[in-house]
Amino acid sequence: MRSAWWLLGIVCALPLRGAEETAFGQLTFAGLSPEMQIAARRVVVATGARFDRLFGTSVGRMPTVVRWVAAEEVVCGGEEIGGMSGLCVVREGRAEILVATRANAAVAAILAHEATHAFLAEAFGAVRDPFLNEGLAQWFAAQAWPPLRNELRHLWLKGGPRTSSSPYVAGFHWIEEHVERPGFGEFVKTGRDATSKSVDDLEKRWREFARGRK
Ligand SMILES: [Zn+2]
């Protein structure tokens, strides 16, 4: 298993490829075969539907381009999940998602993860809390690609400081425990500008929020 779940790098200047593009409404794909575009679209649309159910939103209206790039093209950028890297940049009301992959089933996970960042930006502007932001992205990724859940649970059970302080692992675990609790969506919406230094911080904020709701 690749262990670089925590890597969050710096965005590099990425060369845009002249691959042909196909648009599905506001969603455009580039650098993919037609069959893969349909599969990728399914992942993004299903993630958007899950997002809307959870938050009562209506995402998917922000123009979003998903580009498939060679792994070498994302030389020092993005996030790595299951040996694949991706990147989501939102600027001026548009999202660009870069997926660097070889043929790998985990592609659904990275796509759902990066799409979640785009949806969070569309619905809430931004969610600054890294444990909420990355935890939610991982949670939606695990919905799209269930083996990720097992990998993350395994990492969590193994423990260690990198796990307990990782928004990608501890954040995911926290989201799993709280996502179905009453007020969860409201907590994310109202607390999007707060930041937690640890998952314990986040839990403290949640408890205060839950007390206030009673
Ligand atoms: Zn992320």
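E92 counts as exposed, because just 5 C-beta neighbours fall inside 10 Å and the cut-off for exposed is 12 or fewer. This is a predicted model, so please hear everything today in that light. Where is E92 found? In the loop between β5, residues 84–91, and β6, residues 94–100. Now look at its backbone. Phi of E92 is near 50°, a positive value, and E92 is not a glycine. Most residues other than glycine have a negative phi.

Let me step back to the whole chain. It has 214 residues, and 42% of them count as buried. The secondary structure comes to 8 helices and 6 strands. What order do they run in from the N terminus? Two strands come first, then a helix, then four strands, and then helices to the end. On contacts, take pairs of residues at least 6 apart in sequence. Of those contacts, 69% join residues at least 24 apart.

Next, the strands. Start with β1, residues 21–24, and β2, residues 27–30. The two run antiparallel, joined by 4 bridges. Within that pair, T22 stands opposite F29. The hairpin has 2 residues between its strands. Which residue there takes a positive phi? G25 does, with phi near 60°.

β2 has another partner. That is β3, residues 64–69, and here the pairing is parallel, again over 4 bridges. T28 of β2 stands opposite V65 of β3. How does the chain get from β2 to β3? It passes through helix α1, residues 34–55. Please note the hand: this β-α-β crossover is left-handed.

Stay in that region for P63. Its place is the loop between α1 and β3. Is P63 buried, exposed or partly exposed? Partly exposed, because 14 other C-beta atoms lie within 10 Å, and that count sits between the exposed limit of 12 and the buried limit of 20. What does P63 touch, leaving aside neighbours within four places in sequence? Q26 and R94. P63 also has T28 at a C-alpha separation of 7.9 Å, though the two are 35 residues apart along the chain.

Now the helices. Take α3, residues 130–144, and α6, residues 170–178. At what angle do they pack? About 75°, with the axes 7 Å apart. That angle makes α3 roughly perpendicular to α6. Which residues meet? From α3 we have P130, F131, L132, E134, G135, L136, Q138 and W139. From α6 we have A170, G171, F172, W174, I175 and E176. By class, the contact has 9 nonpolar, 3 polar and 2 charged residues.

One residue of that contact deserves its own slide: E176, in helix α6. E176 is partly exposed, since it has 17 other C-beta atoms within 10 Å, and buried would take 20 or more. How far is E176 from W139? In sequence, 37 residues; in space, 7.1 Å from C-alpha to C-alpha.

To recap, three residues to click on. E92 is exposed, and its phi is positive. P63 sits in the loop between α1 and β3, in contact with Q26 and R94. E176 belongs to α6 and is among the residues that meet α3. And keep the left-handed crossover from β2 through α1 to β3 in view as you turn the model.

Methods
Residues are numbered from 1 along each chain as its sequence is written. This is a predicted model: local features need pLDDT of at least 70, side-chain atom pairs count only at pLDDT 80 or more; totals for chains, interfaces and linings use all residues. Two strands pair if DSSP finds at least two bridges between them. A crossover is right-handed if, with the strands pointing away from the viewer, the path from the first strand over the helix to the second runs clockwise. Axes are lines fitted to C-alpha atoms, for helices over the stretch in contact, and angles run from 0 to 180 degrees between N-to-C directions. Angles under 35 degrees count as roughly parallel, over 145 as roughly antiparallel, 65 to 115 as roughly perpendicular and the rest as oblique. Two residues are in contact if their C-beta atoms, placed from the backbone, lie within 7 Å. Ala, Val, Leu, Ile, Met, Phe, Trp, Tyr, Cys and Pro count as nonpolar, Asp, Glu, Lys and Arg as charged, and the others, Gly among them, as polar.
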